[in-house]
Amino acid sequence: MSKVIEVKKLNKSYGSTKVLDNLSFEVEKGEILGLLGPNGSGKTTTINSILSLLNYESGTIKIMGKNMTPDSFDIKKNIGVIFQDVAVFDELSVFDNVDYFCGLYIKDKKKRRDCVTEALKLVGLEAYKKYTPKQLSGGLLRRLNIACGIAHKPSIIFFDEPTVAVDPQSRNNILEGIEELRDKGATIIYTTHYMEEVEILCDRIIILDKGVILASGTSEELKELANIDEKITVEGIKVSKKILEELNNNKNVDEVHLQKNTLKVTYKKGKNNLVELMDLLKKYKVKYSSLYSEKPTLNDVFLSLTGKELRD
């Protein structure tokens with residue numbers, strides 16, 4: 001695979017606050033790259049810098065082997081951007097909205113009509129082409145927003161939280177559409193706070209915080225970085241202080257969390273954690289309704305790397 005986007009030693013500050021700190025990464029042709037990070041991590045600044053919507057102090061950005069600048073119109077025509085906020089014209093129909101945005105890149109009317117029709121089909125809006133945005137649900141509006149950004153068949157597409165506040169059916173449609181775009185050859189940069197979407201979609205993931213890459217790799221590779229080997233959940237249980245003390249004193253235990261009648265124990269390592277926990281409960285004659293073990297999720301990795309404190 002060839003490099004479609006190359007970011008090298010990118011630096012950006014707002015006053016005395018460093019937002020991007022010598023940031024470097026690459027995006028390969030035909031991959032979906034998940035760009036993750038908590039609020040204020042530098043994701044939006046990174047994307048706006050790549051799109052040349054924002055000035056940065058130092059570093060280089062190349063797209064398809066060429067330096068990206070505000071005047072790089074030959075590059076920009078091959079880029080599609082779907083921002084989190086829906087931006088369409090209320091007075092235009094669904095078809096005319098997509099046609100308008102597609103017309104910024106494609107002047108031939110017949111070719112443009114074909115592109116608009118294909119985009120509406122991809123997002124499942126063929127039956128709504130005569131509707132106005134005010135007649136659409138939130139999920140349909142999101143899908144319209146996507147159609148407007150991809151109708152001109154860009155080879156590079158940026159998705160910023162495309163499934164926020166949509167129902168499961170719309171989310172499924174959007175995710176399937178993004179996979180189809182990738183299968184047709186598009187290179188995609190995807191940002192979201194929904195970790196399950198990242199696990200489903202992304203070929204590779206970057207976790208960013210304070211303008212620095214904390215980790216990069218596939219979902220499975222990142223899970224190996226977490227300081228967690230196993231999570232055990234016990235439901236319908238009443239736990240004494242003595243049991244909590246024994247668990248907290250266990251050198252293999254990373255965290256013990258008790259909420260109402262549910263006990264959650266995360267282990268850093270150990271081969272017989274489940275058996276040992278069951279033996280401990282049996283020792284104190286504790287009854288419970290269910291007990292199950294899980295491997296760490298991408299969400300666990302994210303919290304392990306970026307911390308659990310709330311962000312603005």
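Let's start with helix 5 (residues 138–150), which lies across strand 6 and strand 7 and runs at about 165° to strand 6. Helices (H or I, at least four residues) and strands (E, at least two) are DSSP runs, numbered from the N terminus. Axes are lines fitted to C-alpha atoms, for helices over the stretch in contact (heavy atoms within 4.5 Å), and angles run from 0 to 180 degrees between N-to-C directions.

This is a predicted model, where local features need pLDDT of at least 70 and side-chain atom pairs count only at pLDDT 80 or more, while totals for chains, interfaces and linings use all residues. Residues are numbered from 1 along each chain as its sequence is written, and side-chain values use heavy atoms, leaving out hydrogens and water.

Now look at the sheet. It is open, with six strands in the order 6-7-8-3-9-10 and mixed pairing; two strands pair if DSSP finds at least two bridges between them. Strand 6 (79–82) and strand 10 (212–217) stand at the edges with a single partner strand each, so one side of each has no neighbour in the sheet. From one strand to the next, the twist averages 15°. Strand 3 (residues 32–36) and strand 9 (residues 204–209) run parallel, joined by four bridges; Leu35 has Ile206 as its bridge partner in strand 9.

Finally, the largest nonpolar core has 46 residues, of which Val98, Phe159, Ile188 and Tyr190 touch the most other members. Such a core is a set of buried (under 20% relative accessible area, 1.4 Å probe, protein chains only) Ala, Val, Leu, Ile, Met, Phe, Trp, Tyr and Cys residues joined through side-chain atoms within 4.5 Å. Helix 5 gives the most to this core, six residues.

Notes
Buried < 20%, exposed > 50% of the residue type's maximum accessible area, 1.4 Å probe, protein only.
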